[in-house]
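Biologist: I should like to learn how to read the features of a protein model. May we go through them in turn, with the structure in view?

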Amino acid sequence: MDGAAAARSAGPGPLLIRGGSLFDGTGAPPRPADLIVDGDRIGEIGPRGGFDGRAISNVLDASGMTVLPGLIDAHVHVGREPVHDGALYLSAGVTSVRDTGGVLERLVALRERSRSGSWQGPRLRICGPLLDGTPTIWPAEMSAVVESTADARSAVDRLAQAGVDALKVYSGIGPALVREIVSRARAYGLPVIGDLSATSASEAIEAGIAGLEHASVVYADLVPRDQQVTMQVFHERGAAVWRRQFNLGLAAADPTGPAARIIAGRIAQSGVWFDPTLVVLDRQARLDDPEVTGAPEVSLASETSRAMWAERVAGRATWTPADFASARRAFEVALTFVGEVVAANGTILVGSDAPNPYVVPGWSLHRELELLVHAGLTPRKTLAMATSGNALALGMSHMVGTLTQGKLADIVVVAGDPTADISRTRDIRYVIQGGTLVERAR
Ligand SMILES: [Zn+2]
């Protein structure tokens with residue numbers, strides 16, 4: 001895999017992608033088909049060999065390959081290393097992302113640059129700062145404090161006016177304020193997603209939340225109340241201690257028991273987007289594992305990211321092998337619970353939470369696809385969720401997410417058939433964004 005995404009035009013005139021299997025993103029099985037890229041759009045799609053009589057000089061031979069819509073990551077943070085990470089996302093075939101929490105002004109500016117083409121990176125949807133209680137988990141510049149109904153209204157008004165695409169409620173927000181934020185956001189047509197602690201997943205669903213981030217968001221629904229760790233522990237004793245206790249509780253929970261079935265059923269019936277971000281939970285549970293810290297894609301991450309990750313690993317120095325063992329059990333509980341949501345026919349999104357430690361921008365989405373298949377989703381369904389499903393949730397389905405004539409030409413071409421073997425998505429041969437060939441690996 002080649003991390004450097006050299007921008008390269010496909011040459012003037014239309015481009016014919018010929019001889020491949022087409023996975024159109026809807027969930028239908030791949031079919032032999034040829035596709036024309038016309039300007040920044042997808043042009044005609046026809047049977048294999050159907051355009052051979054046309055005078056098209058730019059031809060891309062996709063024999064033995066699968067042609068897919070560009071992948072979409074529903075959960076990232078792009079503010080820190082936009083130049084480096086932007087190229088990484090594209091080289092991994094991730095042509096659109098949703099930033100789920102960062103510095104508002106920086107994100108608005110980056111989204112503008114992405115629209116005008118002056119940032120080489122994925123199309124961008126933004127949530128702006130995290131709506132949180134005090135003390136905030138993240139620095140003030142990344143947070144908007146909401147402690148009252150009045151705060152909730154003014155924060156939603158301010159962010160809506162700044163043009164965010166969604167809102168994200170965070171750990172410190174209780175159920176009454178989640179309800180207030182959701183109802184205020186509804187007036188602007190803004191979906192609210194949540195990574196929650198003071199509000200349980202079922203309370204958030206009741207409040208009308210649109211999306212739940214991280215499989216561990218069901219912690220309060222699965223773990224008996226007397227075994228739950230509070231955010232007070234986080235603020236008084238630090239993240240490593242809090243996380244250790246959190247994992248102990250989750251590791252002891254039953255992911256297929258009555259409580260799990262109830263919340264999985266609520267997730268499915270409500271139609272809420274469930275974005276498990278298994279890859280970040282997996283990496284966090286294995287920060288002591290050379291397979292994680294020495295994974296081949298790690299060298300592609302920016303130096304700043306790698307330095308930050310090493311610091312985070314050092315913060316886990318007080319963890320014993322038993323702590324890591326319970327972290328791994330907690331991950332298994334989360335993974336099994338995702339299987340329950342899949343079995344209940346819940347709406348799964350595909351997100352990575354890059355660039356958290358060892359969650360490499362772009363490339364970690366491929367690991368997320370594999371983990372979702374491991375949880376019980378079929379490869380075909382997983383790919384449909386990472387394309388058309390994510391596009392719908394991010395409000396982008398009019399532009400991208402399926403290979404449909406007239407949509408923007410965001411296309412990934414991989415060797416082999418990822419609907420038979422999901423890990424084939426890693427074998428990227430071409431990435432096209434808005435009709436421009438941005439990556440040609442190997
Ligand atoms: Zn995140």
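Modeller: Let us begin with a hairpin in this predicted model. Strands E3 and E4 form it, with two residues between them. Gly39, in the turn, has a positive phi of about 65 degrees.

Biologist: How many bridges pair E3 with E4, and in the parallel or the antiparallel sense?

Modeller: Strands of a sheet pair through backbone hydrogen bonds, and the pairing may be parallel or antiparallel. Here E3 (residues 31–38) and E4 are antiparallel, and five bridges pair them. Within this pairing, Leu35 stands opposite Ile45 of E4.

Biologist: Which residue forms a salt bridge with Glu44?

Modeller: The partner of Glu44 is Arg54, and the N to O distance between their side chains is 3.0 Å. Glu44 belongs to strand E4 (residues 41–47), whereas Arg54 is in the loop between E4 and strand E5 (58–61), so the salt bridge ties together parts that are ten residues apart in sequence. The count for the model comes to 21 salt bridges.

Biologist: In what order do the strands of the open sheet of seven run?

Modeller: The order of a sheet is read from neighbour to neighbour across it. In this case it is E11-E10-E12-E13-E14-E15-E16, and the pairing is parallel. Strand E11 (143–145) and strand E16 (347–348) stand at the edges; each has a single partner strand, so one side of each is left without a neighbour in the sheet.

Biologist: How many bridges join E13 to E14?

Modeller: Two bridges join strand E13 (residues 192–194) to strand E14 (residues 211–213), and these strands run parallel. One residue pair to locate is Ile193 with its bridge partner in E14, Gly211.

Biologist: Which residue in the loop after E14, between that strand and helix H6, deserves attention for its backbone?

Modeller: His214 lies in that loop, between E14 and helix H6 (219–222). Its phi is positive, about 75 degrees, although His214 is not a glycine.

Biologist: Where are the cis peptide bonds that join Thr134 to Pro135 and Ala354 to Pro355?

Modeller: A cis peptide bond is recognised from its omega angle. For Thr134 and Pro135, omega is about -10 degrees, and Pro135 is placed in the loop between strand E10 (130–132) and E11. For Ala354 and Pro355, omega is about 0 degrees; Pro355 is found in the loop between E16 and helix H14 (363–375).

Biologist: Which residues make up domain 1 and domain 2?

Modeller: The domain assignment gives domain 1 as 1–69 + 401–442 and domain 2 as 71–399. The contact between them takes 33 residues from domain 1 and 32 residues from domain 2. Their C-alpha centres lie 30 Å apart.

Biologist: How much area do domain 1 and domain 2 bury between them?

Modeller: The size of an interface is often given as the accessible area lost when the parts come together. Domain 1 and domain 2 bury about 2,700 Å² between them, with 63% of it on carbon and sulfur atoms.

Biologist: How many salt bridges and polar contacts are found between the two domains?

Modeller: Two salt bridges are counted between domain 1 and domain 2. Asp410 and Arg123 form a salt bridge, their closest N and O atoms being 2.7 Å apart. Eleven residue pairs are in polar contact across the interface. On the side of domain 1 that touches domain 2, the elements giving two or more residues are strand E6 (65–69), strand E18 (428–433) and strand E19 (436–440). E18 provides the largest share of that side, four residues. The residues of that side divide into 17 nonpolar, eleven polar and five charged.

Conventions. Residues are numbered from 1 along each chain as its sequence is written. This is a predicted model: local features need pLDDT of at least 70, side-chain atom pairs count only at pLDDT 80 or more; totals for chains, interfaces and linings use all residues. Side-chain values use heavy atoms; hydrogens and water are left out. Domain bounds come from an automatic or database domain assignment. Contact means heavy atoms within 4.5 Å. Buried area is the accessible area (1.4 Å probe) that two parts lose on being put together, summed over both. A salt bridge is a side-chain nitrogen of Lys or Arg within 4 Å of a carboxyl oxygen of Asp or Glu. A polar contact is a pair of N or O atoms within 3.5 Å; within protein, one must be able to donate a hydrogen and the other to accept it, and residues adjacent in sequence count only if both atoms are side-chain atoms. Ala, Val, Leu, Ile, Met, Phe, Trp, Tyr, Cys and Pro count as nonpolar, Asp, Glu, Lys and Arg as charged, and the others, Gly among them, as polar. Two strands pair if DSSP finds at least two bridges between them.
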